[in-house]
Structures are given as C-alpha cells and as structure tokens.
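Here is a quick tour of how the parts of this assembly meet. Have the structure open beside you and follow along.

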Amino acid sequence: MDYVVLLKQVPDLAEDLEIDSAGTGLDREWMSFVASEWDEYALEEALHLRDATGGTVTCLALGVQAGDVDELLATCLARGADRVVRVGSFEQSPDSHSAAGAFAAALDGIPHDLILTGVQAIDDLDGQVGPLLATRRDLPHVSVVTHIAVAADGKTATAHQEYAGGVVGEFELDLPAVLGVQTSREAPRYAPVSRVRQLMKTATIEKADGGGGGSGSGLTIEAMAVPESGATAEMITGNPVAIADRIAAILAERGIGAGAPR
Amino acid sequence: MSADVMVLVEHRDGAILDTTFELLGKAKSLAAESKGEAVAVLLGSGVAGLAGSLGAAARVIVIDDPAFEAFSPSAYQAALVPVVRDREPTLVLVANSGAGMDVAAGLSAALELPLAAYATEVTMDGGSPRVTCQLYAGKIQATVRFERGRGIATVVAGSFPAEAGAGAGSPMVEAVAATASDGRVRFKRLHRPEAGDVDITRESVLVSVGRGIGDQDNLELIEALAKALGGAVSSSRPIADAGWLPRTRQVGKSGLKVKPKVYLALGISGAPEHLEGMRGAELIIAVNSDARAPIFSVAHYGAVADLLDVVPALTARLGG
C-alpha cells in the first residue's frame, strides 16, 4: 500500500494577522508559518495505516519560499514518513486550485493507492485541496473523514464522513482515492526538535515539478479585513475576581445562580 | 449563461435539512435581483414528494434514481456536472457540510468554475455575485467576486435565516434523468450518536470549555461551576477529540446545535465550526486569554482573562 500525504504551511494564528497596504491580502513581512493542523492529522492517520497494512508513506509539501517547507518535510521524516517531496516553487502560498494542480502534476511520478490530506486549511478561500485534486486526477474522494481502514485485499477503503448533529455516514471507496481527514485516531506524534534538525542536514528531500500552475482560483479578492472583534460583546475588565463578580451579577439578573431573585 | 441561482438540496430521513432552507431563502432574494430563478436541485430515490416543501424555489430539478438512494460524493458529483454545465447558473449555493464540500469542490474542478468557500454573505452587484468569506478560523473576512461573473459558494450553516426558504409552495417540478453516475464511493450505513448521559440541547445553562482548559484535570473546575449554575458541561471539538468529554457534549458543526438561555464559552477561540453550533444562544459570555479571539464577535459579554483564574472565583461567588 502506497500512502501519500499532502501538506502545506499556513500562517501561525498564535500571532496577530495584519492586512497588507493594498487591503486585499495578509501582510506577510513578519508572518510565521506552521503546518496546517488538519494535514498533520492526515499524516498521523497515514502512519497508522501503513503500520497496519505495510507499505510506504510519502509526504508531498508545497515548495513555498516564505515559511520553511524543508523543516516541515524533515518533521514528516522524523515522525516516520518513508519519503518526502517538495512540490513546485511558489513565492507565496498558492490558492487551492493551483496547489491541487501542482500536487496533481507531481503525482504522475509517485505511486499512490490512498492519498490523505487535511479536510481543510485556514486559508483555503477557493475550496479544499482534496476534492479539487481528486477531480483533476479523476479519483473518488470523501471529505470530513475519520475512522479510515483499508481492506485486506488493498482494493478498497472505508471511512466515516461526519455530518451535523453527530450523525456519521460510512462509505466504501475504490482505491486509489483521496480522503480529506478531519481528525486522527491519536494526536499527531511528537518529533524531537534535535532529530528534525539532524534530518534537515542529512535527509534527502526530493523535488517534483508542480506543472504549469494552472489558471488559478478564478476569484478576484476585492478586500480583506479583520472583523471587528467584540463588535457585539460588552467587555468586562478588571482582575479575575472583579470579572467573576460581574458575570455573577449578569447571570443573577436572568435568575441564574446564587443571589438570583427567587 | 443564465441569471439563475441554483441550490443543492440536502435531505436525510425523508426531510429537507435546515441548511437547504437557509440557502433557498437567500437564493430567492438573489434571483429576484439577478432577474433569474431560484432553482433547487434535488437528488434521491423516491424523493419527488419532497419537491413540494421547496416552495421558495421557482423550479425544482428532480433527479430521482435508485443510484441516489443515499448520498455519495462520486455519484452526486457525476450527476450534477452536466446539470450545472448545461444550465449555466450565475451562482450555485451549496452548504459547507461534509457532503457539500465534496460536491462543490468537485464541481469547481470538473467545470473550471471558481469556488468561494466558507461564505457568510452573498449579494448581487450588477447581476453578478459578491461573496464574503471567513478565513483564518474566522479572524479574517475576505470579499471576493468571480472573474467571469459566475461561480459556486459553499455557505457556512446559520448564515441566513431558514424561515425565508421554508414553507410549502408549488414550484415547477422538472424531472431529469441522471445522465451519469459514478459508483466508486458507496454508502454503507448511517451511524447515529448514542444517547449520552446529558442532552446538551435541552439544558438551559451550558458551561462550555475549549482548548484553553489546558489539562484534563482542570475539568473539575468546570464541573464545579456547572453544578453551581445548575447547568451542564459542554465543549468544543478538541476536548471531545482528546477524549476528555464524550462526543455527546460537543457543540458545533459536527457536534450538536444548542440554544441555551446562557452559554459560557471558556477558553474557546470561536472557530467558525464552533460558532455554527451555539450562536443562537440567548446570552453568550466568553472568557478567553486572546483578545482577538473570534468568540468575542458573537458574545454578548466578554472578558480577556485566563479561565483558570476566573472560573474558581466565579464558582466561589456563586456559593459552589
């Protein structure tokens, strides 16, 4: 079984996002990047599946100049991936359609029975890479999945698709196929920083051409803005005790908690 | 190209989902502006009877075929591609659900139609759509247009009122034969959540906790506060994923939709998937250490603080 994981880096939300001077994008000057959370779940699932069925895990990450894709790929190796490939060369994070196009081109040279990627990313304005890539390569796909299993004969897989209200649909797919992973059976494993640093020096990071890049998203971004935070919230200030007192008073006005009129 | 606004209908157990009514109501008003029709597309097996409940649509395209007895991403996509290609609607509205994500992105790639994801507002400007999308976990809002004037939008649940799209009517029903199918993704069964010890959809006070709790042991503090308030503990997704609380306590897109009298959001940043499940609460009070957390944009009262400091103080104040 050859498993392929598609990954990318996204802006780190632990830091404040600023809008650029044109007002149509993020100010990237001081931005730091992290692996997209859902892509990490996809890798974790792929590693579990490979350990169960045998085979290989190949990680593909978009080659974006901002951020550090080699560190991301070295982290994949440290976690247990067999092979890592940097795909394409982009000045900035490409839109999802372009990313899907680059991954689709790279897959020509990479064996793949089951392709796993994050169900979404925080920046996928023009849709999710999984189903975009699947359709470009004419592969079946299911998004928002958990509970992935591969049949003993290696010809099909099953996965659960989540719906609202805790309802879940169970599907069987013919392989090769693409799954958009919602979460992994276990939290993504830890890769020691020292091991990642060592692998960045010694490991082989292959390169794959991302193709022609395609026609882009077909969207025109007119404006980007930080929504007015707290636009509706009345902010309570003070020390924790003062905050607690005020919350208790607000609840009491509504007849909830001690001190409420009975 | 037509001026129509198309809506993909989602249904389960013989009933139209609320998210479809939300889209239909919007489609109706947008189509009035673009001078086209609101067109609902209904796929299923033995579903023709459902068309009558899609009264907000001017026209319902029904593809009734045993192949669509249950939702399958591949089968739906294969059947919808020719419908959207031939009718050329100016806009296709799809719910940002598990099913909707698959179909919308699949259609976008198959038809080279642009896709605007995580939409929370759609307007018509000069006959072509303008879409507002949530990005970066709700921290950024983008306003986009389709380069050639037409495209697809996946819409976050709860963005539009369902009432505007619900209600009976007599739309023109057009039966269409499925010209294509794709059986590579096969529906096997539906799993429904087991009843939990507490039904959070019926509680009037919810003390809801997210990643900000830090450690499972701190849940005791949350339980104590819930007890003092006569409420129940609920959570955002990471807490359920970690197994710290049962899935039946999860609020949000994949969890439960709640409308309590009071919703205390503690250490919950307020990702769009979470807001979808709780923004209808009568009173929302949020405590979060990040002043820019999106939860403060839906909360009525907010405090920037560590929940581990505020919660014990509040419990003590309530005499718990």
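## Inside chain B: where the domains touch

Keep in mind that this is a predicted model. Start with the link between domain 1 of chain B and domain 2 of chain B, where two residue pairs are in polar contact, both partners at pLDDT 80 or more. On the side of domain 1 of chain B that touches domain 2, the residues split into four nonpolar, four polar and two charged. As for salt bridges, there is one between these two domains. You can look for it at Asp290(B) and Lys139(B), whose side chains meet at 3.2 Å, N to O.

Where do the domains of chain B begin and end? The assignment puts domain 1 at 5–175 and domain 2 at 200–317. Their C-alpha centres lie 32 Å apart, and the contact takes ten residues from domain 1 of chain B and nine residues from domain 2 of chain B. Together the two bury about 750 Å², with carbon and sulfur atoms giving 50% of that. On the domain 1 side, Ala137(B), Lys139(B) and Ala157(B) supply 44% of the buried area, more than any other three residues. So Lys139(B) turns up twice here: it is one of those three residues, and its side chain also meets Asp290(B) in the salt bridge.

## Chain A: two domains and a tie

In chain A, the domain assignment gives domain 1 (2–208) and domain 2 (227–262). The C-alpha centres of these two domains lie 42 Å apart.

For a salt bridge within chain A, have a look at Lys8(A) and Asp123(A), whose side chains meet at 2.8 Å, N to O. Why is this pair worth a look? Lys8(A) sits in the loop between strand 1 (2–7) and strand 2 (9–11), while Asp123(A) sits in the loop between strand 6 (114–118) and helix 4 (129–136), so the pair ties together parts of chain A that are 115 residues apart in sequence. Over all chains, the salt bridge count comes to 34.

## Where chain A meets chain B

Now for the interface between the chains. Chain B and chain A bury about 7100 Å² between them, and 57% of that is on carbon and sulfur atoms. Which residues of chain B lose the most area to chain A? They are Tyr136(B), Arg184(B) and Arg292(B), together 11% of what that side buries. The contact takes in 80 residues from chain B and 83 residues from chain A.

## Polar links across the interface

Side chains of opposite charge can pair when their charged atoms come close. Between chain B and chain A, the count is ten salt bridges. Asp16(A) and Arg292(B) give an example, with their side chains meeting at 3.1 Å, N to O. Across the same interface there are 41 residue pairs in polar contact, with both residues at pLDDT 80 or more.

Which element of chain B gives the most to the side that touches chain A? That would be helix 3 (residues 98–111), with nine residues. As a whole, that side of chain B divides into 47 nonpolar, 15 polar and 18 charged residues.

## Strands that pair between chains

Strands join up across the interface too: strand 9 (residues 168–174) of chain A and strand 12 (residues 185–191) of chain B run antiparallel, joined by six bridges. To find the pairing on screen, pick Val168(A), whose bridge partner in strand 12 of chain B is His191(B).

Conventions. Residues numbered from 1 in each chain as written. Chains lettered and ligands numbered in written order. Predicted model: local features only at pLDDT ≥ 70, side-chain atom pairs only at ≥ 80, totals over all residues. Heavy atoms only, no water. Contact = heavy atoms within 4.5 Å. Buried area = accessible area lost by both parts, 1.4 Å probe. Salt bridge = Lys/Arg side-chain N within 4 Å of Asp/Glu carboxyl O. Polar contact = N/O pair within 3.5 Å; in protein donor to acceptor, adjacent residues only side chain to side chain. Helix = DSSP H or I, 4+ residues; strand = E, 2+ residues; numbered from the N terminus. Nonpolar A, V, L, I, M, F, W, Y, C, P; charged D, E, K, R; others polar. Pairing = 2+ DSSP bridges. Domains from an automatic or database assignment.
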